[in-house]
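Reader: Please take me slowly through one buried spot in this model and the parts around it. I would like a careful account, with the cut-offs stated as each term comes up.

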Amino acid sequence: MTQYGFYFDSTRCTGCRTCEMACKDYNDLPVSYAYRRVFDYEGGDWTDNGDGTYKPTTFAYHVSMACNHCEMPACMANCPQGALDKDPDTGLVVHDDEKCIGCATCVNSCPYEVPVVDTEVMKSRKCDGCASRTAEGQAPICVEACPLRALEFGDIEALRAAHPEAVDAIAPMAAPDQTHPSTAILPCPAAKEPGDTTGAIANPLEVENAA
Amino acid sequence: MSSGFDPVSLAVFTTLAPAGAVAFLVLALARLAAPDHADAVRIDRVIALPFATALLGFIASATHLGTPANALHVFSGVGTSPLSNEVLAAVIFLFLVGAYWMCAFKINFPDGIADPWLVVASLAAVAFIACTSLAYAARTVPTWDTVFTPVNLILAALMAGTLLALLFLAVARIERPLLNRALMTLSLVALVFGLGSLLLQQADLATIGNNETTALSLVPHYPLVIAAFALLGVGAEGLGIFSLRRSLARRGRIVVRVAASLLAVAAVLAVRTAFYNLHMTVGF
């Protein structure tokens, strides 16, 4: 099985949200949630040099994240309905409306808070990697929309090989050992390791999927 | 955040259903050991009460579902999803107990059928309590995936379930001092150990956190919840012990045990509600 996934270049991302908006537009999403979200991760301090000068340790960077189409998705493992499954050809985590009961178990178990229960239809919703576009050989809409060309999509092993400096996760993402996200992320110089406690998500209300 | 996830209905479910299962277990054992047929028949009728308690919880749990019409697919996750295991165990338990209660209305319902049926239903009750206690073992949710989750749920079910059983036995006019004292002791022991487990959990929470938050910040009022559990639990146990007095008329005994059961259920509900507030993933 080929496992598809996203490559994200955090050295290029300016946090402009074009990926997020293009996705929302393409998928006709309501105001309250998004399949792709841009996390602003910020932190740091001033340190007193003792001579009347101060040295800043502040940092800020962006992480654009959609569904990570994990190798071992927690949403799929915990869904009581079998409504989430990995596509046998692409490894993308797909959602079946016919089986979903909207119990929010996927919402509760995903460490990336990717799935969301849409309270209009009372079913869970998530990024499907633009399955209908990729089936026709097109890239997902977020990838095409990025003005900085910071996103790529494809066979994740090929992407990792093409970007040997890329890692699986940077803060504020969860450590990759739980679900093995199909991600390749080129860390910018400011990027912190997962589990970092020196910074915080600066836009929590923006990235909260409010359903 | 409205995510379709309703902690209240799930707290009601995980309070009532396991306690109802424990109460059923006690009635089933009392029925198996019933000295005469008249006792057995009165227990058979009263089995409606633990069944209704568990069923009420089960129905409450379904109210938080967005699209219950698709619910039958739940069995496709048996073996992989702990929630599917829980629902399957609940359905088997409720079916066995509900069907038993109805069949037992048949005049001359033979013990040769009743006894093995009750044994199987009791095993289903144990399986149901076990599956419910493990339903939240999601590896990505470190605040739920601890030993305290099943231990707290099982001890709470024993504490409240035995008091419910005392009430149901009084309703069935079954007066066996030895059994009553054993149930009271079990309830008291479950309360003491349940409190111990909650206090250990409170200490353990300090070690859990993710990139963005700490477990303790999710339940800043946890010590208060534990205190409420202790106070309500002690009140319930006190009433339960008072209800053992021989001088009490049957009606008074039932009233006191209703009050004891309500206090016990309230104690468990407080802890169960806090449990859902504890939700946090390994992410953010």
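Author: What follows starts from one acidic residue, moves outward through its contacts, and then turns to charges, backbone and a helix of the other chain.

This is a predicted model, in which local features need pLDDT of at least 70 and side-chain atom pairs count only at pLDDT 80 or more, while totals for chains, interfaces and linings use all residues. Residues are numbered from 1 along each chain as its sequence is written, chains are lettered from A and ligands numbered from 1 in the order in which they are written, and side-chain values use heavy atoms, with hydrogens and water left out.

The residue in question is Asp118(A), which belongs to strand S8 of chain A, residues 116–118; strands (E, at least two residues) and helices (H or I, at least four) are DSSP runs, numbered from the N terminus. Asp118(A) is buried and yet has no salt bridge, for Arg125(A), the nearest side chain of opposite charge, is 5.0 Å away. Buried here means under 20% relative accessible area, exposed over 50%, and partly exposed in between (1.4 Å probe, protein chains only). For charge, Lys and Arg count as positive and Asp and Glu as negative, with His and the chain ends not counted, and a salt bridge requires a side-chain nitrogen of Lys or Arg within 4 Å of a carboxyl oxygen of Asp or Glu. The Asp118(A) side chain does reach the backbone nitrogen of Val121(A), at 3.4 Å.

Beyond its neighbours within four places in sequence, Asp118(A) is in contact (heavy atoms within 4.5 Å) with Pro30(A), Tyr33(A), Lys123(A) and Arg125(A). Two of these partners, Tyr33(A) and Lys123(A), lead further into the chain.

Tyr33(A) is buried because its relative accessibility is 3%. Over all chains there are 21 aromatic pairs, where rings of Phe, Tyr and Trp (its six-membered ring) pair if their centres lie within 6.5 Å, and planes under 30 degrees apart count as stacked, over 60 as edge-to-face and the rest as tilted. The rings of Tyr33(A) and Tyr35(A) have centres 6.2 Å apart and planes at 35°, so this pair is tilted. Tyr35(A), at 11% relative accessibility, likewise counts as buried. The rings of Phe59(A) and Tyr61(A) also have centres 6.2 Å apart, but their planes stand at 25°, so that pair is stacked.

Ala34(A) sits in the loop between helix H1 (18–26) and strand S2 (37–43) of chain A. Ala34(A) has a relative accessible area of 5% and so is buried. Leaving aside neighbours within four places in sequence, Ala34(A) is in contact with Glu20(A), Lys24(A), Leu29(A) and Asn209(A), and its C-alpha atom is 8.6 Å from that of Ala66(A), 32 residues away along the chain.

On the Lys123(A) side, the C-alpha atom of Lys99(A) is 9.4 Å away in space, although the two lysines are 24 residues apart in sequence. Lys99(A) lies in the loop between strand S7 (93–95) and helix H3 (105–109) of chain A and is partly exposed, at 25% relative accessibility. Not counting residues up to four places away in sequence, Lys99(A) touches Gln81(A), Gly82(A) and Ala83(A), and also Asn70(B) and His73(B) of the other chain.

While Asp118(A) has no salt bridge, the structure holds 13 of them over all chains. Asp9(A), for instance, meets Arg12(A) in one at 3.3 Å, N to O; Asp9(A) is buried, with a relative accessible area of 5%, whereas Arg12(A) is partly exposed at 41%. Arg160(A) bridges to Glu157(A) at 3.1 Å and to Asp168(A) at 3.5 Å.

The backbone of chain A has two further points to record. Arg17(A), in the loop between strand S1 (4–9) and H1, has a positive phi near 70°, and the peptide bond from Ala171(A) to Pro172(A) is cis, with omega near 10°. Most residues other than glycine have a negative phi, and most peptide bonds are trans.

In chain B, helix H5 (residues 111–133) has 23 residues. Its buried residues, including Leu118(B) and Phe128(B), pack against helices H1 (7–32), H4 (82–103) and H6 (148–171) of chain B. Phe128(B) also forms one aromatic cluster with Phe13(B), Phe24(B), Phe58(B) and Phe93(B).

Terms used
Polar contact = N/O pair within 3.5 Å; in protein donor to acceptor, adjacent residues only side chain to side chain. Expected span 1.5 Å × (residues − 1).
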